[in-house]
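Colleague: Please take a close look at one helix of this model and at what surrounds it in the chain.

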Amino acid sequence: MVFGNASNEPPAQQAYPVPSLSGYALELAAFADYIEDDNVVPTTGASERTTLSIVQAGYESIENGKPIDLDQCFGAL
């Protein structure tokens, strides 16, 4: 598989919209909306624990150069 531009032309630039609020402010506003409307939040403590465990395992794997068995380290995620 080859990556890159075979014609040696510079890649086209993509403009992304700039939000009017910071990411933190947008996250806080979304949280307030969920509470105000009595909705179920999009993530749970369990899903966040899973994400954090995988990130932690990645760091440990980099440090010791070996794969990490997630079940052995963290139990059932």
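Modeller: Begin at the end of helix α2, since the residue there is easy to find: α2 is followed by G65, whose phi is positive, near 70°. The model is a predicted one. Helix α2 covers residues 45–64. Its 20 residues reach 28 Å from the first C-alpha to the last, close to the 28 Å expected at 1.5 Å a residue.

Within α2 lies S53. S53 has a relative accessibility of 5%, and it counts as buried because that value is under 20%. A polar atom of the S53 side chain lies 2.8 Å from the backbone oxygen of R49. On helices in general, residues three or four places apart point the same way, because an α-helix has 3.6 residues a turn.

Now the setting of α2. The protein chain has three helices and zero strands, and from the N terminus its elements run α-α-α. Of the 77 residues in the protein chain, 4% are buried. The exposed area of the chain is about 7100 Å², with 59% of it supplied by carbon and sulfur atoms.

Helix α1, residues 23–36, contains I35. At 52% relative accessibility I35 counts as exposed, because the value is over 50%. I35 also belongs to a nonpolar surface patch of about 540 Å², which it makes together with Y24, L28, F31 and V41. To return to the two side chains discussed, S53 in α2 is buried, whereas I35 in α1 is exposed.

Notes:
Residues are numbered from 1 along each chain as its sequence is written. This is a predicted model: local features need pLDDT of at least 70, side-chain atom pairs count only at pLDDT 80 or more; totals for chains, interfaces and linings use all residues. Side-chain values use heavy atoms; hydrogens and water are left out. Helices (H or I, at least four residues) and strands (E, at least two) are DSSP runs, numbered from the N terminus. Buried means under 20% relative accessible area, exposed over 50%, partly exposed in between (1.4 Å probe, protein chains only). A polar contact is a pair of N or O atoms within 3.5 Å; within protein, one must be able to donate a hydrogen and the other to accept it, and residues adjacent in sequence count only if both atoms are side-chain atoms. Accessible areas come from the Shrake-Rupley method with a 1.4 Å probe; for residues, only the protein chains shown count as cover. The expected span of a helix is 1.5 Å times one less than its number of residues. Patches are made of residues with over 30% relative accessible area and no salt bridge: like charges are joined within 9 Å, nonpolar side chains (Val, Leu, Ile, Met, Phe, Trp, Tyr) within 5 Å. A salt bridge is a side-chain nitrogen of Lys or Arg within 4 Å of a carboxyl oxygen of Asp or Glu.
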